[in-house]
Amino acid sequence: MGNSDTSDSDQIVIEADEDLEEIIPGYLLNRRKDIETILEALDKEDFEKIRIAGHSMKGSGAGYGFDAITEIGKSIEEGAINKNVDEIRRKTDELSVYLDKVRVVYAQE
Amino acid sequence: MEILIIDDSKDSILLIETILKKGGYTGTQTAESALEAYKILGINASKNDIKQIDLILLDIVMPEIDGIEAIQKIKSDDFARDIPIIMITAQQDDQSLHRAFNCGAIDYIKKPVNKVELLARVRSVLRLKYETDRRMQLMRELEEANRQLKRLTVIDGLTGISNRRHFDEFLEIEWRRNLRYNKKISLILGDIDYFKFYNDTYGHQAGDNCLKKAASVIEKAAKRVGDLAARYGGEEFALILSDTDSAFAAEIAGEVNKSVASLRIPHSGSKTDDIVTMSLGAATTIPSNGKSPKELIEAADEALYRAKENGRNRVEVIELPRSE
């Protein structure tokens with residue numbers, strides 16, 4: 001799980017377990033919603049909400065096959081604890097770009 | 001087979017649920033907080049219509065009530081305590097892992113959740129639980145069988161009161177106890193009058209029913225821990241009364257005699273009355289080292305004999321003199 005190929009600048013191909021085919025699209029869609037949630041929380045300086053979102057991403061990303069989401073989640077969680085607005089913005093942007101580029105192929109494990 | 005997944009992240013729950021389903025474990029329940037899980041497990045609430053849970057997968061890091069606190073709560077509940085708990089934990093969390101094992105978690109899996117690892121651990125824990133449950137069940141059955149066996153050795157099959165064997169043991173024990181405390185012990189023997197004629201008139205089935213009714217009267221008279229009602233022989237009953245003097249024994253024998261008559265069981269073959277009656281003999285003594293329970297039994301038997309000689313349906317009393 002989680003092999004990423006960044007040689008093609010427009011696409012990141014992730015190979016995922018076909019058992020997860022039903023739930024991965026929903027999972028990625030929810031991360032888009034996370035971005036909105038985080039940006040809104042940032043306006044209100046609700047760092048606890050951001051920390052929880054980051055923590056949740058950290059815990060789930062790699063399990064779904066997206067190591068990058070776990071890494072981004074970890075940074076967002078830490079950013080929220082340190083109230084580091086720039087870091088949170090940077091990582092949220094990174095997540096947005098990642099979600100634009102990621103393509104999932106399903107394989108039997 | 002029901003597995004309860006407790007995790008504050010919907011995404012994690014969905015992932016674990018999906019892996020379990022694909023692995024053949026279709027029965028899952030989910031809770032996004034410890035409180036929600038308590039409800040499913042019937043903790044702090046009614047145990048009515050709660051579903052049997054075979055395994056709990058529990059995330060350690062949760063807001064409000066965390067996994068450690070949840071384990072403690074689950075393990076202190078009489079019903080939920082035996083459900084095995086596998087913790088789900090982030091890699092760097094050795095401290096809480098240690099605490100969780102101390103609280104009774106059986107295994108753990110690390111996040112990110114890996115399909116092969118999750119299914120392997122779930123399978124082995126469920127196998128263990130199945131084995132444990134099976135053994136517990138066998139043990140319970142064995143204990144129940146032993147209880148039944150024990151009962152059969154002391155209970156009279158027909159009447160349900162103590163049998164002769166238990167009577168002998170009990171009398172021996174009470175004799176020694178009353179000897180130790182220098183207390184009087186009484187024994188009542190009672191016979192259903194003309195029972196042979198009852199059987200001849202109404203048949204053995206009716207005879208058995210008559211014995212059962214008489215037995216329940218005798219049993220009601222044995223009110224204290226040192227008392228015992230027993231079926232002594234065919235239609236003969238015995239009542240051991242610890243720490244009981246002659247006057248009180250006579251009173252109890254009188255009550256039994258009245259109670260049997262008040263059953264008003266027709267007995268046309270009786271030469272005493274037209275209903276079932278009982279003759280009773282009561283004997284009392286203070287146990288001493290020179291005497292044995294045998295003498296008490298003989299005295300009660302003698303009293304019973306006198307009751308029959310004097311016209312049946314009555315009580316006769318013998319008090320043995322104190323011997324040194």
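How many bridges join strand 4 (residues 85-90) of chain B and strand 5 of chain B, and in which sense do they pair? Select both strands: they pair in the parallel sense over five bridges. Two strands count as paired if DSSP finds at least two bridges between them. Helices (H or I, at least four residues) and strands (E, at least two) are DSSP runs, numbered from the N terminus.

Before moving on, note that this is a predicted model, in which local features need pLDDT of at least 70, side-chain atom pairs count only at pLDDT 80 or more, and totals for chains, interfaces and linings use all residues. Residues are numbered from 1 along each chain as its sequence is written, chains are lettered from A and ligands numbered from 1 in the order in which they are written, and side-chain values use heavy atoms, with hydrogens and water left out.

**Stop 1: the parallel sheet of chain B**

Stay on strands 4 and 5. Ile88(B) stands opposite Ile109(B) in strand 5 of chain B. Now add helix 4 (residues 94-102) of chain B. Helix 4 packs on the sheet and touches strand 4 and strand 5 of chain B. Its direction makes about 170° with that of strand 4 of chain B. Contact here means heavy atoms within 4.5 Å. Axes are lines fitted to C-alpha atoms, for helices over the stretch in contact, and angles run from 0 to 180 degrees between N-to-C directions.

Zoom out to the whole sheet. It is open, with five strands in the order 2-1-3-4-5 (chain B) and parallel pairing. Its edge strands are strand 2 (28-31) and strand 5 (107-111) of chain B, each pairing on one side only. The twist averages 20° from one strand to the next.

Select strand 3 (55-59) of chain B. Five of its five residues are buried. Buried means under 20% relative accessible area, exposed over 50%, and partly exposed in between (1.4 Å probe, protein chains only). In a regular strand the side chains alternate between the two faces of the sheet. Leu55(B), Leu57(B) and Asp59(B) lie on one side, Ile56(B) and Leu58(B) on the other, and both faces are covered.

Look at the neighbours of strand 3. Strand 1 of chain B pairs with strand 3 in the parallel sense over four bridges, and Ile3(B) stands opposite Leu55(B). Strand 4 of chain B also pairs with strand 3 in the parallel sense over four bridges. There, Leu58(B) stands opposite Met87(B).

**Stop 2: loops and a long selection**

Select Glu64(B), in the loop between strand 3 and helix 3 (67-75) of chain B. Its phi is positive, near 60°, though the residue is not glycine. Glu64(B) is exposed, with a relative accessible area of 77%.

Go next to Pro112(B), in the loop between strand 5 and helix 5 of chain B. The peptide bond from Lys111(B) to Pro112(B) is cis, with omega near 0°. Then select helix 5 (residues 115-154) of chain B, which lies across strand 1 (3-6), strand 3, strand 4 and strand 5 of chain B. Helix 5 runs at about 170° to strand 5 of chain B.

**Stop 3: the mixed sheet of chain B**

Which order do the strands of this open sheet follow? The five strands run 7-8-6-9-10 (chain B), with mixed pairing. Strand 7 (228-231) and strand 10 (315-319) of chain B are the edges, each pairing on one side only. Here the twist averages 15° from one strand to the next.

Select strand 9 (residues 278-285) of chain B with strand 10: they pair in the parallel sense over five bridges. Ala282(B) has Val317(B) as its bridge partner. Add helix 9 (residues 246-262) of chain B, which lies across strand 6 (185-192), strand 8 (236-242), strand 9 and strand 10. Helix 9 runs at about 165° to strand 9 of chain B.

**Stop 4: helix 1 of chain A**

Select residues 24-43 of chain A, which form helix 1. Among its buried residues are Ile24(A), Tyr27(A), Leu28(A) and Arg31(A). The buried residues cover an arc of only 140° around the axis, which puts them on the same side of helix 1 of chain A. The arc is that of the directions from the helix axis to the C-beta atoms. On the other side, Leu29(A) and Asp43(A) are exposed.

Finish at Lys83(A), in the loop between helix 3 and helix 4 of chain A. Lys83(A) has a positive phi of about 50° although it is not a glycine. At 55% relative accessibility, Lys83(A) counts as exposed.

Key: Expected span 1.5 Å × (residues − 1).
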